[in-house]
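Trainee: I am new to this structure and would be grateful for a close look at one helix and its surroundings. Please explain the terms as you go.

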Amino acid sequence: MKNRLTSIAALSALAALMLAGCSATESASSAVSEDCVPAHPDVETITPGVLTVAHYDYPPFGYIEEGEFVGIEGEIIAQIAEMECLDLKLVPGDSSAMITSVQTGRADTTVGSWYRTAERAEVVRLSAPVVTSPLSLVSTSGAKTVDELAELDAVGAGQALVGIEELQGLLGGKLKLYSTNDAEFADFQAGRIQGAVLGLGAAVTLLELYPVDGATVEPIEPDERLSATVNVGQTNFPVNLNADALGKAIDADIEQLREEGVIAKLAEKYGFPAEIADPGEPNLL
């Protein structure tokens, strides 16, 4: 991964400026050649010939860098658009609006490490799993079990983290909650907490942005006391409930890219272990 000297928030602001220059959407790919043959000819999108993707900057999954849409999911969705002979257009916005944009037909899909959850399955069609993002611990002790986590003096976690209630029950007053990952990691860097619990993708990126001598990212070993470590989160590209042909095409394209080793190579490119590219059977959190 290229060195990024700005915070995630700053990257988001930069993306907004870059994408605001022409209109609410901006093409992220060159025009499809006239002789392109789509892998699934029956696919219909909101705008014919275009795959509209709701997007907010969330390294290392999907973000703007040097004017290009990159990240492990960013590159995967770009390849899917190419496989289906579709131009890729990004619709920038706040993370809270992404699923709603798909649900209401303003975007065909969205990128941003969206877990497959039972709640989301009620409002959008979930795709085949893309990668896993295991619940992970950043520390200088190398802790990777729930018991080792509980031994730390102070631990941070995001307020909206999957399984936060269980984590609160395990750690009690040792757990400090944060509204942003940046704030959590700033406290870890300053030594005010001894561990930071995050999804693997955020943990890898934040440790790069806020280096701490001797710190490592360790996926937390499966433990029934923290169910998110057993039923590991799987990211996906959701589509509208009525876009079944598009959803099936995305499912098939994901599996083809997985079989060809493309997703594993992208995982390693963005600092992940290749194992996240093999998420196993689909699950719901």
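Mentor: Helix α2 covers residues 72–83, and its 12 residues reach 17 Å from the first C-alpha to the last, close to the 16 Å expected at 1.5 Å a residue. The expected span is 1.5 Å times one less than the number of residues in the helix. Helices (H or I, at least four residues) and strands (E, at least two) are DSSP runs, numbered from the N terminus. The model is predicted: local features need pLDDT of at least 70, side-chain atom pairs count only at pLDDT 80 or more, and totals for chains, interfaces and linings use all residues. Residues are numbered from 1 along each chain as its sequence is written, and side-chain values use heavy atoms, with hydrogens and water left out.

How enclosed is this helix? Nine of the 12 residues of α2 are buried, so the helix is largely enclosed by the rest of the structure. Buried means under 20% relative accessible area, exposed means over 50%, and partly exposed lies in between (1.4 Å probe, protein chains only). The buried residues of α2 are Ile72, Glu73, Gly74, Glu75, Ile76, Ile77, Ile80, Ala81 and Met83.

Two of these residues, Ile72 and Ile76, also stand out in the largest nonpolar core, which has 64 residues; together with Val138, Phe185 and Phe237, they have the most contacts inside it. Helix α8 (residues 200–209) gives this core its largest share, seven residues. Another core, of 17 residues, lies apart from it and includes Leu135, Leu152, Ile164 and Leu167. A nonpolar core is a set of buried Ala, Val, Leu, Ile, Met, Phe, Trp, Tyr and Cys residues joined through side-chain atoms within 4.5 Å.

Phe237 leads back to the helix. Leaving out residues up to four places away in sequence, Phe237 touches Glu73, Ile76, Ile77 and Ile80, and its other partners include Thr109, Val111, Arg125, Ile250 and Ile254. Contact here means heavy atoms within 4.5 Å.

After the helix comes Cys85, whose phi is positive, near 60°. Cys85 forms a disulfide with Cys36, their sulfur atoms 1.9 Å apart. The pair links distant parts of the chain: Cys36 sits in the loop between β1 (26–27) and β2, and Cys85 in the loop between α2 and β5 (87–92), 49 residues apart. A disulfide is a pair of cysteine sulfur atoms within 2.5 Å, and the structure holds one. The torsion about the S-S bond of Cys36 and Cys85 is about -80°, so this disulfide is left-handed. Its two ends differ in exposure: Cys85 is buried, with a relative accessible area of 12%, whereas Cys36 is partly exposed, at 29%.

The strand β2 (50–55) that bounds the loop of Cys36 is followed by a loop that leads to β3 (63–65) and holds Asp57. Asp57 counts as buried, at 4% relative accessibility. Its side chain makes a polar contact of 3.2 Å with that of His55, and the side chain of Asp57 also reaches the backbone nitrogen of Ile64 at 3.1 Å. A polar contact is a pair of N or O atoms within 3.5 Å; within protein, one must be able to donate a hydrogen and the other to accept it, and residues adjacent in sequence count only if both atoms are side-chain atoms.

As for the wider setting, the protein has 10 helices and 13 strands, and buried residues make up 51% of its 285 residues.
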